[in-house]
Amino acid sequence: SSGINAEYGPQVKWYQKDSLIGLLIEIVDPKKESEKLDITETSIHFEAETSTGRNEFDITLHKRVDPKKYNAKVKDRRIKLIIAKAEDCQEEWSRLTPEKHRWLKFDIDSVDLTDEETMAARKLEDAKRRLEAEHGPLPQDAKIQQMSNMLNADDISRDLEEAEKEMYDMLKNSYLTIYNSVVWLGYFYVFFVSLLRVAFEGTGAIKTNYATMSWLLKSCQQTVFLEIIHSVTGLTKGSTAATFLQVTGRAVVLFSVVDSEPVLQTSLSCYLLVVAWSAVEVFRYPYYIVQIYELYFPKLMWLRYNVWIPLYPIGILCEAYLVYQCIGLVAESGRLTVSLPNRLNVAFDFSSFLKIYLAATSIGGVILMKHMGSQRTKALKKLAKFKQMEDIYHKEKDLINIRKKKESKKAK
């Protein structure tokens with residue numbers, strides 16, 4: 001029979017592949033010297049001492065396993081045990097044990113795992129066959145068999161770690177691709193519709209453009225706050241401080257200045273700001289997507305590091321002008337201004353904040369332009385290097401074709 005005999009019984013999850021079963025034993029800080037694992041063809045016994053007490057369980061298996069082929073690894077407060085199924089039982093098991101237990105559950109998260117663990121079990125079998133071919137039948141002494149299992153456990157651990165890394169990279173790349181694509185689509189729509197409205201409706205569309213595009217522009221800007229999290233968690237490279245300042249700076253102008261003052265929304269400066277912001281992103285996000293997969297598109301790379309040259313100055317000047325205009329409006333209305341006396345005994349003058357922000361924008365704009373200039377220089381050097389490599393490749397290809405033609409003429 002199966003059951004738990006413990007002061008604090010561990011929770012156990014299990015999963016399976018065609019050739020193996022896996023147990024995930026939830027346990028906190030097991031004492032290594034107290035760990036005991038006994039595996040037979042039809043049962044598993046585990047016990048260990050922890051800081052909270054003794055943990056122990058016995059499992060009678062529904063079908064047979066190969067007790068000589070297993071690997072146990074402690075990771076993230078759990079013991080992961082992998083056991084190969086017996087050769088005549090390498091099929092899908094309907095259950096792990098003959099009866100149900102509250103502490104034993106099927107691990108749904110492991111259903112879509114790759115076949116890396118199956119490959120690891122096969123490596124164990126291949127290693128055993130090679131040893132038997134070179135030295136005859138292996139000794140059946142339990143200690144020698146245990147040593148053999150420990151030597152092969154390193155290979156299994158490496159295989160599993162590589163599989164976990166591949167899964168993480170795949171999920172990370174998929175998420176970043178979806179994120180960049182969604183934000184790109186939003187800015188692409190804002191950019192081209194803003195241009196088309198003026199082209200077909202005339203200059204009158206300039207005054208109504210922000211009212212039409214604001215919902216999508218604000219949605220994109222709110223989504224872009226995720227880039228700060230991406231940088232902090234290491235999903236993307238780059239300076240977290242620079243990302244934070246760039247994202248929050250644009251948010252201040254969009255939400256606190258433009259969106260809060262309707263009189264500014266109908267100006268030419270507001271229209272040019274929307275077009276400049278969205279135009280930069282139209283080329284930035286596709287470049288990020290191809291960088292995820294380490295692809296090379298020279299034209300896209302050239303556009304990414306050249307379109308900013310006219311667009312950044314336009315955006316910075318429009319931001320500065322709109323902030324300057326907003327200072328007078330805020331001074332009259334007192335919007336977002338907290339005066340004394342009040343319960344918190346704190347004063348805040350939003351117009352003074354905007355004056356400081358305006359000065360910081362001027363300095364920050366110069367720093368940003370210099371940074372983009374250095375990035376452009378590096379990018380152009382890469383493009384030149386890639387161009388040289390392409391030229392060499394094409395020349396070698398032409399030489400090979402010439403030789404083939406000469407050889408074919410000689411053969412005739």
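A crossing of two helices is left-handed if the near helix is turned anticlockwise from the far one by less than a right angle, and right-handed if clockwise. The exercises below concern a predicted model, in which local features need pLDDT of at least 70 and side-chain atom pairs count only at pLDDT 80 or more, while totals for chains, interfaces and linings use all residues. Residues are numbered from 1 along each chain as its sequence is written, and side-chain values use heavy atoms, with hydrogens and water left out.

**Exercise 1. Describe the packing of α5 and α9.**

Step 1. Helices (H or I, at least four residues) and strands (E, at least two) are DSSP runs, numbered from the N terminus; α5 covers residues 240-258 and α9 residues 308-333.

Step 2. Axes are lines fitted to C-alpha atoms, for helices over the stretch in contact, with angles from 0 to 180 degrees between N-to-C directions. The axes of α5 and α9 lie 10 Å apart, at an angle of about 45 degrees.

Step 3. Angles under 35 degrees count as roughly parallel, over 145 as roughly antiparallel, 65 to 115 as roughly perpendicular and the rest as oblique. The pair α5 and α9 is therefore oblique, and its crossing is left-handed.

Step 4. With contact meaning heavy atoms within 4.5 Å, Gln246, Val253, Ser256, Val257 and Val258 of α5 meet Tyr312, Glu319, Leu322, Val323 and Cys326 of α9.

**Exercise 2. Determine how α5 passes α10.**

Step 1. The two axes come within 13 Å and cross at roughly 145 degrees.

Step 2. The crossing of α5 and α10 is left-handed. On the α5 side the contact involves Gly249, Arg250, Val252, Val253, Ser256 and Val257, and on the α10 side Phe350, Phe353, Leu354 and Tyr357.

**Exercise 3. Compare the span of α9 with its expected value, and identify its buried residues.**

Step 1. The expected span is 1.5 Å times one less than the number of residues. For the 26 residues of α9 this gives 38 Å, and the end C-alpha atoms are 36 Å apart, which agrees.

Step 2. Buried means under 20% relative accessible area, exposed over 50%, and partly exposed in between (1.4 Å probe, protein chains only). Buried residues of α9 include Trp308, Leu311, Gly315, Cys318 and Val330.

Step 3. The buried residues of α9 pack against α5, α6 (262-265), α7 (268-292), α8 (298-304) and α10 (350-411).

**Exercise 4. Locate the bend in α3.**

Step 1. Helix α3 (residues 204-224) has 21 residues and reaches 30 Å between its first and last C-alpha atoms, close to the expected 30 Å.

Step 2. The bend at a residue is the angle between axes fitted to the seven residues ending there and the seven starting there. In α3 this angle is about 55 degrees at Ser214, and Ser214 is among the buried residues of the helix.

**Exercise 5. Examine the backbone geometry in the loops flanking α8 and α9.**

Step 1. Glu294, in the loop between α7 and α8, has a positive phi near 55 degrees although it is not glycine. Glu294 is exposed, at 73% relative accessible area.

Step 2. Gly334 follows α9 with a positive phi near 75 degrees.

Step 3. Leu336, in the loop between α9 and α10, has a positive phi near 60 degrees and is partly exposed at 48% relative accessibility.

Step 4. Pro341 also belongs to the loop between α9 and α10, and the peptide bond from Leu340 to Pro341 is cis, with omega near -5 degrees.
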